[in-house]
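Please open the model in the viewer and display side chains as sticks. The tour proceeds by selection, with a description at each stop.

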Amino acid sequence: GDSAVGGLTRSSYGSHSAGDVGRTGALDFGLVSHPSLGLPPRDLTAGHPADAAAIRSAATRLATRALERAIDADPEFRSRYSDLALRELLADTEALADRLATAVGSADPSVMGGLAESLAPRYRKRRVPMDDVIALCEGLRVGAATAASPDAGQAIDAAIGAAVAALRWHRRLGGDAQKRNAFIAFIYKGA
């Protein structure tokens, strides 16, 4: 007959489309691990887990080399930031390396794209140009390729590519701290 759940009987609240209330009172949602948690957790063994572990263990070294590459590529990079700001960029690059390891291990490049999307407002607030963050990502691409096996190269490129695409999209928005054309700036100041 009717089973009472929370003072309501089954006949008074009807049937559920996502599943049926069994004798235990639990719903069966099939596609998700739990209705309040969303999708099941990422499978960190779906891609290249050994390469992910290598990237994760070398994260500090990779972040340092990525920052050095960015400074070498742009002579004005060092003068734009204080020592504290450079340490913050180094810590952010270590977080990028950790997320890169997750992306390589799970074969899911959207991990890096999602991180880049969430970091863009933070960099905008700190007045860090997206071009500088892209330079850090490109340095991380080169460094990660040396830490991982050649088999993981495609996964690394896809993950860094997703991050760079997100950062380039944010670069085009007004308020990015990128260098402006001096002549155009002069014209707008004069108007």
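Select Thr93 to begin: this residue counts as buried because its relative accessibility is 0%, where buried means under 20% relative accessible area, exposed over 50%, and partly exposed in between, computed with a 1.4 Å probe on protein chains only. The model is a predicted one, in which local features need pLDDT of at least 70, side-chain atom pairs count only at pLDDT 80 or more, and totals for chains, interfaces and linings use all residues. Residues are numbered from 1 along each chain as its sequence is written, and side-chain values use heavy atoms, with hydrogens and water left out.

Thr93 belongs to helix 5, residues 83-106; helices are DSSP runs of H or I with at least four residues, numbered from the N terminus. Add Leu89 to the selection: the Thr93 side chain reaches the backbone oxygen of Leu89 at 2.7 Å. Next, show Ala63, Ala66, Leu136 and Leu140, with which Thr93 is in contact when its neighbours within four places in sequence are set aside. Contact here denotes heavy atoms within 4.5 Å.

Now select Asp92, a residue that is buried at 7% relative accessibility. Which residues form salt bridges with Asp92? One partner is Arg122, at 3.0 Å from N to O; a salt bridge is a side-chain nitrogen of Lys or Arg within 4 Å of a carboxyl oxygen of Asp or Glu. Asp92 lies in helix 5 and Arg122 in helix 6, so this pair ties together parts 30 residues apart in sequence. Arg122 is partly exposed, at 39% relative accessibility.

Asp92 also forms a salt bridge with Arg126, with the closest N and O atoms 2.9 Å apart. That pair links distant parts of the chain, 34 residues apart: Asp92 in helix 5 and Arg126 in the loop between helix 6 and helix 7.

Keep Arg126 selected and add Glu88. Their side chains meet in a further salt bridge, at 3.6 Å from N to O. Here the two residues are 38 apart, Glu88 being in helix 5 and Arg126 in the loop between helix 6 (110-125) and helix 7 (130-147). Arg126 is partly exposed at 25% relative accessibility, and Glu88 is likewise partly exposed, with a relative accessible area of 31%.

Finally, display Glu88, Asp92, Arg122 and Arg126 together: these residues are linked in a network of salt bridges. The structure as a whole holds 11 salt bridges.

Terms used: Polar contact = N/O pair within 3.5 Å; in protein donor to acceptor, adjacent residues only side chain to side chain.
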